[in-house]
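Please take a moment to look over the sequence and the model before reading on. The paragraphs below are meant to be followed with the structure in view.

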Amino acid sequence: MRNEPIMSLRSSLADSLRLVRQLGLLSCGALFLLSACDKGGSGASGDSIPVGEFASLTGLTASFGTSSHNGVVLQIDKANTAGGVLGKKVNLITEDDQSKPGEAATGVRKLISRDQVVALLGEIASSRSLEAAPIAQQSKIPMITPGSTNVKVTTIGDYIFRVCFIDPFQGEVMAKFTLNSLHKTRVAVLTDVRQDYSVGLAAAYKDYFTKHGGTIVAEQSYSSGDQDFKAQLTSIKGSNPEAIFVPGYYNEVGLIARQAKELGINVPLMGGDGWDSPTLTQIGGQAIEGDYFSNHFSTDDTSPVVQGFVKDYRGRYGKDPDAMAALGYDGAGVLLDAMKRAGTTEHEKLRDAIAATKNYQGVTGTITINAQRNATKSAKVLTIKDGKFHFVETIAP
Ligand code: PHE
């Protein structure tokens, strides 16, 4: 039905784009014309405001996309129930990139050309935001990533924003935590070389750690989707570390925790926000208990804004929000707030209003967009106990 022709048009369109690009013929205008064949939406001139979202609703990191989507939907529904924005309802159009390389770019082209969205929300994983951001920038469509922390993302251009902190900070947070709270100075690092996020976070951690008295005793790597980490862990064990930094995503981290224990490695594992998913403890079980990671959000936060959000989220989805849900909620919140202040959804004015965001009270902290289009916020260190995440400490910028 409606889906089929669109799907096939979409893939043939992607193929022709690839061909044209290979031939080196593609200008921005050509891209626009070609994409415009993919049927027009009504744009902001219609009776609703089309906002695009691209997220990993399925695939390897499905919990990132489903959570951020839930947060976005909660925020937009709240605004629509309260009468909408600029006298119109906000119409969220979501593309599932299936956690696959290439699909974020395809989805975003479609949202821009077919649906004529006025802004984009996404992605969580940095590699996928990096793939989509140049397209948003070229088309001058403001893009807000809720959770991509890799430093490169917002350097793509002046239409690209984020509502989270960046990995140079997150790496420093975990290095400080290792040195000052765990009092460990000999650390091994195990990086996912397929993810910009993991590579950037490992580098930031090592940089701060070694400059402040720590030693990296081993460095090993793997690729997203790997299942067997025994060779890397055996080598790490031989270097006798006091802790292991694993800045990866939750699936592999859960397996790494289990295989480390099987090999008799009994030192703490540490990581970053990519650990945040209920799947981490489902896979890691007992092996991940007592380990630590940095994050954007904790349901243990007693502030009324956070507790109100937790209550609404539980009421709607029957479970606790995680960091992606909270960041999705804040990303959409910052966008709607900017639309109201701009008084228009016109690209450049909307871009300027997002850039001017100051002291927005989010559920992940107070958001001020700085000159680099990032948000400067505290990070929370969490630990895993009885299969649940618990707040340990806050580390400020
Ligand atoms: N920061 C991660 C990345 O850039 C994604 C992420 C955000 C994961 C928030 C969990 C929570 O790839």
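What follows moves from the chain as a whole to its pocket and cavities, and then to some single residues.

The model shown here is predicted, and that should be kept in mind throughout. Its chain has 397 residues, of which 55% count as buried, and the chain contains 13 helices and 14 strands. Among the contacts in the chain with a separation of 6 or more, 68% are made by residues 24 or more positions apart.

A good place to begin is the largest pocket, which has a volume of about 500 Å³. It is lined by 23 residues, and those closest to its centre are Asp276, Asp320, Pro321, Asp322 and Phe389. Two or more lining residues are given by each of α3, α10 (278-284) and β14 (388-395). Sorted by class, the lining of this pocket has 7 nonpolar, 10 polar and 6 charged residues. The largest pocket lies between domain 1 (18-165 + 306-378) and domain 2 (167-295), because both domains give residues to its lining.

From the pocket we can turn to the enclosed spaces, for the structure holds 2 cavities of 30 Å³ or more. The largest cavity has a volume of about 100 Å³, and of the 16 residues that line it, Phe64, Ile124, Gly147, Asp273 and Gly274 are the closest to its centre. Helix α12 (residues 323-342) provides the largest share of this lining, with 3 residues, while each of domain 1 (18-165 + 306-378) and domain 2 (167-295) contributes at least three residues to the lining of the largest cavity. By class, the residues around the largest cavity are 8 nonpolar, 7 polar and 1 charged.

The second largest cavity has a volume of about 60 Å³. Its lining includes Glu53, Phe54, Ala55 and Ser56, as well as Leu121, Gly122, Glu123 and Ile124, and the elements that give two or more residues to this lining are β1 (48-55) and α3 (62-81). The lining of the second largest cavity divides into 6 nonpolar, 4 polar and 2 charged residues.

Gly122 and Glu123, both named in that lining, deserve a second look, since the peptide bond from Gly122 to Glu123 is cis, with omega near -15 degrees. Glu123 itself is placed in the loop between β3 (119-121) and α5.

Glu123 also leads on to Arg128, which touches Glu123 along with Phe54, Ser56, Thr61, Asp97, Ser99, Lys100 and Ala104, when residues up to four places away in sequence are not counted. Arg128 is found in helix α5 (residues 126-139). Is this charged side chain's residue, Arg128, buried or exposed? Arg128 counts as buried because its relative accessibility is 6%, and buried means under 20%. Its side chain makes a polar contact of 2.8 Å with the side chain of Thr61, and the side chain of Arg128 also reaches the backbone oxygen of Ser99 at 3.3 Å.

Another residue to find is Thr149, in the loop between β4 (143-145) and β5 (160-162). Thr149 counts as buried, because its relative accessibility is 1%. Leaving aside residues up to four places away in sequence, the residues that Thr149 touches include Ser126, Arg162, Cys164, Tyr197, Asp273 and His296. One of its contacts is with Asp167, and here a polar contact of 2.8 Å joins the two side chains. Thr149 also touches Phe165; these two residues are 16 residues apart along the chain, and their C-alpha atoms are separated by 6.2 Å.

Two loop residues complete the tour through their backbone angles. Leu86 lies in the loop between α3 and β2 (89-96), and its phi is near 55 degrees, a positive value in a residue other than glycine. Leu86 counts as partly exposed because its relative accessible area is 38%. His183 is placed in the loop between α6 (167-181) and β6 (186-192), and the phi of His183 is likewise near 55 degrees, again a positive value in a residue other than glycine. With a relative accessible area of 60%, His183 is exposed.

Notes
Residues are numbered from 1 along each chain as its sequence is written. This is a predicted model: local features need pLDDT of at least 70, side-chain atom pairs count only at pLDDT 80 or more; totals for chains, interfaces and linings use all residues. Side-chain values use heavy atoms; hydrogens and water are left out. Helices (H or I, at least four residues) and strands (E, at least two) are DSSP runs, numbered from the N terminus. Buried means under 20% relative accessible area, exposed over 50%, partly exposed in between (1.4 Å probe, protein chains only). A polar contact is a pair of N or O atoms within 3.5 Å; within protein, one must be able to donate a hydrogen and the other to accept it, and residues adjacent in sequence count only if both atoms are side-chain atoms. Contact means heavy atoms within 4.5 Å. On a 1 Å grid over the protein atoms alone, a cavity is a set of points where a 1.4 Å probe fits but cannot get out, and a pocket is an open set with protein on both sides within 12 Å along at least five of seven lines; lining residues have an atom within 4 Å of a point. Grid points are joined across faces, edges and corners, and a volume is the space filled by probe spheres set on the points. Ala, Val, Leu, Ile, Met, Phe, Trp, Tyr, Cys and Pro count as nonpolar, Asp, Glu, Lys and Arg as charged, and the others, Gly among them, as polar. Domain bounds come from an automatic or database domain assignment.
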